[in-house]
Amino acid sequence: MISGPGAAMLDSKLFVSRLNGDFPDLYERWWDGDEWIWINHGKPSGTAVTGTPGAAMLDEKLFVVVADGSLWERHWRNDQGRWVWNDHGTPPATTVATAPGAAMMDSKLFVGTANGRLYERAWNGTQWVWVDHGLPVGTSVATAPGAAM
């Protein structure tokens, strides 16, 4: 089974995850100018990707959640001419439970967590940090945050 499409990048790339079978990996559908090509990006540290990829930032990075509830970034490295995985770990005392969503200005995104809270992953100028936005009044966060404005 393939996830719904997520994380479109400009006009040439779309990402999906395979959620079962032998290869629960991240896949890219890329337009090379003549035809659409499938690219298997694999999985970080051998841990299965568990949902729709999200929070595409420009044409160089996107984020996925894996089976242990951690957040991973797939980032294009111009200096190396290849994609690399970066581990963003988990928010304090919980795990990521929703697809990453609402990417903003190449510096922040939002996720729902296993304890129902909304967390932001933000670049503060020197490092990525987790910011707890708490719980909605009388309920909890259950789905991926939507589009950012």
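Two strands pair if DSSP finds at least two bridges between them. In this predicted model, strands β7 (residues 71-77) and β8 (82-89) clear that mark with seven bridges, in the antiparallel sense.

**Figure 1. Confidence across the predicted model.** The mean pLDDT of the protein is 88. Of its residues, 97% reach 70 or more. Strand β12, residues 128-132, has the highest mean pLDDT among the elements, at 96. Strand β1, residues 6-9, has the lowest, at 72. Where pLDDT is low, the predicted coordinates should not be read in detail.

**Figure 2. The open sheet β5-β6-β7-β8.** Four strands make up this sheet, and their pairing is antiparallel. β5 and β8 are the edge strands, each pairing on one side only. On average, neighbouring strands are turned by 25 degrees against each other, direction ignored. Now look at the β7-β8 pair. Its seven bridges run in the antiparallel sense. Arg74 has Trp85 of β8 as its bridge partner. Strands of a sheet pair through backbone hydrogen bonds, either parallel or antiparallel.

**Figure 3. The open sheet β9-β10-β11-β12.** This sheet also has four strands with antiparallel pairing. Its edges are β9 (101-104) and β12, and each of these pairs on one side only. The average turn between neighbouring strands is 20 degrees, direction ignored. β10 covers residues 108-112 and β11 covers residues 118-123. Five bridges join β10 and β11 in the antiparallel sense. Across this pair, Tyr119 in β11 stands opposite Val111.

**Figure 4. The largest nonpolar core.** Eleven residues build this core. Among them are Ala55, Met57, Phe63 and Val65. Leu71 and Val96 belong to it as well. So do Leu109, Val111 and Tyr119, along with Trp128 and Trp130. Four elements give two or more residues each: β5 (54-57), β6 (61-65), β10 and β12. A second, separate core has ten residues, including Phe15, Val49, Val64 and Trp83. Val111 and Tyr119 of the largest core are the two residues that stand opposite each other in Figure 3.

**Figure 5. Contacts around Ala55.** Ala55 is one of the residues of the largest nonpolar core. Which residues does Ala55 touch, not counting those up to four places away in sequence? Lys61, Leu62 and Phe63 are among them. Pro100, Gly101, Ala103 and Leu109 complete the list. Phe63 and Leu109 also sit in the largest core.

**Figure 6. The Asp25-Lys43 salt bridge.** The whole structure holds five salt bridges. One of them joins the side chains of Asp25 and Lys43, at 2.8 Å from N to O. Asp25 lies in the loop between β2 and β3 (26-31), and Lys43 in the loop between β4 (36-42) and β5, so the pair ties together parts 18 residues apart in sequence. Is Asp25 buried or exposed? Asp25 counts as buried because its relative accessibility is 4%, under the 20% cut-off. Lys43 is partly exposed, with a relative accessible area of 25%.

**Figure 7. The Glu120-Lys108 salt bridge.** The closest N and O atoms of this salt bridge are 3.6 Å apart. Glu120 lies in strand β11 and Lys108 in strand β10, so the bridge ties together parts twelve residues apart in sequence. Glu120 is buried, with a relative accessible area of 8%. Lys108 is partly exposed at 25% relative accessibility. Side chains of opposite charge can pair when their charged atoms come close.

**Figure 8. The Asp132-Arg117 salt bridge.** Here the side chains of Asp132 and Arg117 meet at 2.9 Å, N to O. The partners come from distant parts of the chain, 15 residues apart: Asp132 is in strand β12, while Arg117 is in the loop between β10 and β11. Asp132 is partly exposed, with a relative accessible area of 36%. Arg117 is partly exposed too, at 25%.

**Figure 9. Leu14 and Trp38.** Leu14 sits in strand β2, residues 13-17. Leu14 counts as partly exposed because its relative accessibility is 31%. Trp38 is 24 residues away from Leu14 along the chain. The C-alpha atoms of these two residues are separated by 9.8 Å.

Notes: Residues are numbered from 1 along each chain as its sequence is written. This is a predicted model: local features need pLDDT of at least 70, side-chain atom pairs count only at pLDDT 80 or more; totals for chains, interfaces and linings use all residues. Side-chain values use heavy atoms; hydrogens and water are left out. pLDDT is the predictor's confidence in each residue, from 0 to 100. Axes are lines fitted to C-alpha atoms, for helices over the stretch in contact, and angles run from 0 to 180 degrees between N-to-C directions. Buried means under 20% relative accessible area, exposed over 50%, partly exposed in between (1.4 Å probe, protein chains only). A nonpolar core is a set of buried Ala, Val, Leu, Ile, Met, Phe, Trp, Tyr and Cys residues joined through side-chain atoms within 4.5 Å. Contact means heavy atoms within 4.5 Å. A salt bridge is a side-chain nitrogen of Lys or Arg within 4 Å of a carboxyl oxygen of Asp or Glu.
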